[in-house]
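User: I am new to this structure. Please teach me how to read it.

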Amino acid sequence: KNKLAQQIFSTRRTFQHLVPTNSTGVGRLTARNQNVVGEAINVISLDALFRLIRLTVILRGDAIALTKEERESDKVVKGLSNLTVRALFDSPRLILGKRGRFFNISLGPSTSVVLDSTYADNAVRIGRGGTSGSRFVFMRCSDDDVEAGEFRQLLMKKPTKKGKLLSILGLVGGTGVWASVIRGSRLLGGGLAISAALCACAISFSTGGVEDDGDDDRLD
């Protein structure tokens with residue numbers, strides 16, 4: 001089972017970017033007089049469907065500095081530095097393919113986490129979860145790492161509308177059934193059909209983050 005799961009989804013690379021305020025151009029809080037000090041972007045790059053296609057998951061949020069009172073609250077761990085922020089993340093963005101031309105959706109609820117940076121230099125940054133106390137070590141990407149910056153173009157693309165997305169998933173699922181029954185590729189075709197069906201169900205019944213055909217493109 002684990003081997004099959006790894007064939008369907010396997011992690012390629014992970015990134016966490018801390019960048020200047022609204023440098024992506026899609027910040028939601030910068031026009032609301034919030035004390036936004038930057039953006040936090042988490043990126044997970046996966047090989048999906050037996051390495052046939054790339055799946056990218058992006059979690060982008062505006063980072064708001066915590067006050068001294070908030071840092072000393074009982075709701076967070078002790079000893080947080082003055083670099084601690086609360087990242088208010090948008091709904092996760094799920095993108096198929098390198099460019100996300102046909103499958104680019106916002107799916108799920110918005111979330112928030114408290115993040116502290118306890119150490120940083122030109123090569124390493126050590127992060128700390130503000131409520132869990134968990135520590136994370138990040139290595140700086142090289143300047144010529146093109147893939148590390150691909151999230152910017154992907155975030156600028158408008159999410160696919162629900163109606164169009166369900167039509168695409170129906171086509172993908174039908175292709176999987178055809179490959180499984182007619183061509184005899186049961187493993188590949190079945191995996192494709194099941195994945196499309198699960199995605200369609202999640203999108204159909206989701207009430208958070210999916211762009212409906214009548215929704216505004218972006219909050220002010």
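Analyst: We will go from the overall layout to the core, then to salt bridges and strand pairing. Keep in mind that this is a predicted model.

User: Let us start with the layout. How many helices and strands are there in the chain?

Analyst: Count the elements, then read their order. The chain has five helices and nine strands. Along the sequence the pattern runs α-β-β-β-α-β-β-β-β-β-β-α-α-α.

User: What percentage of the residues counts as buried?

Analyst: Of the chain's 220 residues, 39% are buried. The accessible surface is about 13,200 Å², and carbon and sulfur atoms make up 55% of that surface.

User: How do I read contacts against sequence distance?

Analyst: Take contacts between residues at least 6 apart in sequence. In this chain, 62% of them join residues at least 24 apart.

User: Now the core. What is the general idea?

Analyst: In soluble globular proteins, nonpolar side chains tend to be buried together. Now the case here. The largest nonpolar core holds 10 residues: Phe 15, Val 19, Ile 41, Val 43, Ile 58, Ile 95, Ala 148, Phe 151, Leu 154 and Leu 155. Three elements, β1 (9-19), β2 (36-48) and α3 (151-156), each give two or more residues to this core.

User: Which element gives the most to this core?

Analyst: That is α3, with three residues. Take Phe 151 as an example. Leaving aside residues up to four places away in sequence, Phe 151 touches His 17, Thr 24, Ile 41, Val 43 and Ile 58. There is also a second, separate core of five residues, including Leu 66, Val 76, Val 77 and Val 114.

User: Next, salt bridges. How many does the structure hold?

Analyst: Nine. For each one, ask three things: who pairs, where the partners sit, and how buried they are. Start with Glu 147 and Arg 12, whose closest N and O atoms are 2.5 Å apart. Glu 147 is in the loop between β9 (135-139) and α3, while Arg 12 is in strand β1, so this pair ties together parts 135 residues apart in sequence.

User: Are these two partners buried or partly exposed?

Analyst: One of each. Buried means under 20% relative accessible area. Glu 147 has 17%, so Glu 147 counts as buried. Arg 12 has 29% and counts as partly exposed. Both belong to a salt-bridge network that links Arg 12, Arg 13, Asp 47, Asp 145 and Glu 147.

User: Which residues form salt bridges with Arg 60?

Analyst: Glu 39 is one of them, with closest N and O atoms 2.5 Å apart. Arg 60 sits in strand β3 (residues 53-65) and Glu 39 in strand β2, 21 residues apart. Asp 62 also bridges to Arg 60, with a closest N and O distance of 3.2 Å. Now check burial. Arg 60 is buried at 2% relative accessibility. Glu 39 is buried at 2%. Asp 62 is buried at 0%.

User: Last, strand pairing. How do I read it?

Analyst: Look for the partner strand, the direction and the number of bridges. Strand β4 (residues 85-89) and strand β7 (residues 111-120) run antiparallel, joined by five bridges. Within this pairing, Arg 86 has Val 114 of β7 as its bridge partner.

User: How many residues lie between β7 and β8 in their hairpin?

Analyst: Three residues. β7 and strand β8 (residues 124-129) pair in the antiparallel sense over five bridges. Ala 120 stands opposite Arg 125 in β8.

Note on methods. Residues numbered from 1 in each chain as written. Predicted model: local features only at pLDDT ≥ 70, side-chain atom pairs only at ≥ 80, totals over all residues. Heavy atoms only, no water. Core = buried A, V, L, I, M, F, W, Y, C linked by side-chain atoms within 4.5 Å. Buried < 20%, exposed > 50% of the residue type's maximum accessible area, 1.4 Å probe, protein only. Helix = DSSP H or I, 4+ residues; strand = E, 2+ residues; numbered from the N terminus. Contact = heavy atoms within 4.5 Å. Areas by Shrake-Rupley, 256 points an atom, 1.4 Å probe, with all protein chains shown as cover. Salt bridge = Lys/Arg side-chain N within 4 Å of Asp/Glu carboxyl O. Pairing = 2+ DSSP bridges.
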